[in-house]
Amino acid sequence: TTTPRIGDILQKLAPFLKMYGEYVKNFDNAMELVKTWTERSPQFKHIIQDIQKEKVCGNLTLQHHMLEPVQRIPRYEMLLKDYLRKLPQDSLDWKDAERSLEIISTAASHSNSAIRKMENLKKLLEIYEMLGEEEDIVNPSNELIKEGQILKLAARNTSAQERYLFL
């Protein structure tokens with residue numbers, strides 16, 4: 001009560017938030033699996049419904065609980081920004097809170113980057129399947145930059161031919 005602070009505590013715990021990137025990367029797949037097994041297995045659906053009815057679940061679905069960690073880092077970031085806006089700059093907690101915000105912002109950036117990488121990988125795999133699964137196309141370092149319709153002009157008669165380009 002004499003020196004209320006949170007910046008020093010968050011600063012110690014913030015590096016662990018980077019692991020949320022892994023959770024976020026697998027979130028869509030996990031949600032799809034829950035949906036699939038809920039539709040496929042009456043037993044699974046029944047178990048999930050029974051668990052969701054428990055008081056500890058707060059009348060929320062499994063999917064709502066699964067979404068919580070995805071929202072956690074952006075929420076921490078927003079709360080810390082608000083805290084810093086309201087905290088006097090001469091406060092003992094100012095530097096620690098500011099450093100915590102930097103670390104949490106980095107974790108949020110890692111999570112967003114993980115989402116983008118997974119979306120890009122999914123798109124590349126879709127393209128791979130569309131093109132007949134040519135072996136030399138799939139490479140972890142490949143990145144989809146742009147795709148869309150183009151017109152190819154023939155060199156001999158300047159006629160236009162429609163093509164679909166993946167860059």
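Which residues form a nonpolar patch on the surface? The legends below start with that view, and every view comes from a predicted model.

**View 1. A nonpolar patch on the surface.** Four residues make up this patch: Ile9, Leu13, Phe16 and Met19. Together they offer about 440 Å² of accessible area. If you want a landmark, look for Leu13, which belongs to helix H1 (residues 7–13).

**View 2. Helix H4 against helix H5.** Here you see H4 (residues 62–86) and H5 (residues 94–130), whose axes come within 9 Å and cross at roughly 155°. An angle over 145 degrees counts as roughly antiparallel, so H4 and H5 are described that way. The crossing of H4 past H5 is left-handed. On the H4 side, the contact residues are Ile73, Tyr76, Glu77, Leu80, Lys81, Tyr83 and Leu84. Their partners in H5 include Trp94, Ala97, Leu101, Ile104 and Ala108.

**View 3. Helix H2 against helix H4.** H4 returns in this view, now with H2 (residues 20–40) packed on it at an angle of about 160°. Their axes lie 10 Å apart. This angle makes H2 roughly antiparallel to H4, and H2 passes H4 in a left-handed crossing. From H2, the residues making the contact are Tyr20, Tyr23, Val24, Phe27, Ala30, Met31 and Val34. H4 answers with a set that includes Leu62, Met66, Leu67, Pro69, Val70 and Ile73. Ile73 is worth finding in View 2 as well, since there it is among the H4 residues that meet H5.

**View 4. Helix H2 against helix H3.** Turning to the partner of H2 in this view, we find H3 (residues 42–53), packed at an angle of about 115° with the two axes 5 Å apart. H2 is therefore roughly perpendicular to H3. Val34, Trp37, Thr38 and Arg40 of H2 touch Pro42, Phe44 and Lys45 of H3. Val34 also appears in View 3, among the H2 residues in contact with H4.

**View 5. A salt bridge between Asp96 and Arg5.** Side chains of opposite charge can pair when their charged atoms come close. The side chains of Asp96 and Arg5 do this at 2.0 Å, N to O. Asp96 sits in H5 and Arg5 in the segment before H1, so this pair links distant parts of the chain, 91 residues apart. In total, the structure holds six salt bridges.

Methods. Residues numbered from 1 in each chain as written. Predicted model: local features only at pLDDT ≥ 70, side-chain atom pairs only at ≥ 80, totals over all residues. Heavy atoms only, no water. Patch = residues over 30% accessible without salt bridge, like charges linked within 9 Å, V, L, I, M, F, W, Y side chains within 5 Å. Areas by Shrake-Rupley, 256 points an atom, 1.4 Å probe, with all protein chains shown as cover. Helix = DSSP H or I, 4+ residues; strand = E, 2+ residues; numbered from the N terminus. Axes fitted to C-alpha atoms, helices over the stretch in contact; angles between N-to-C directions. Parallel < 35°, antiparallel > 145°, perpendicular 65-115°, else oblique. Left-handed = near helix turned anticlockwise from the far one by under 90°. Contact = heavy atoms within 4.5 Å.
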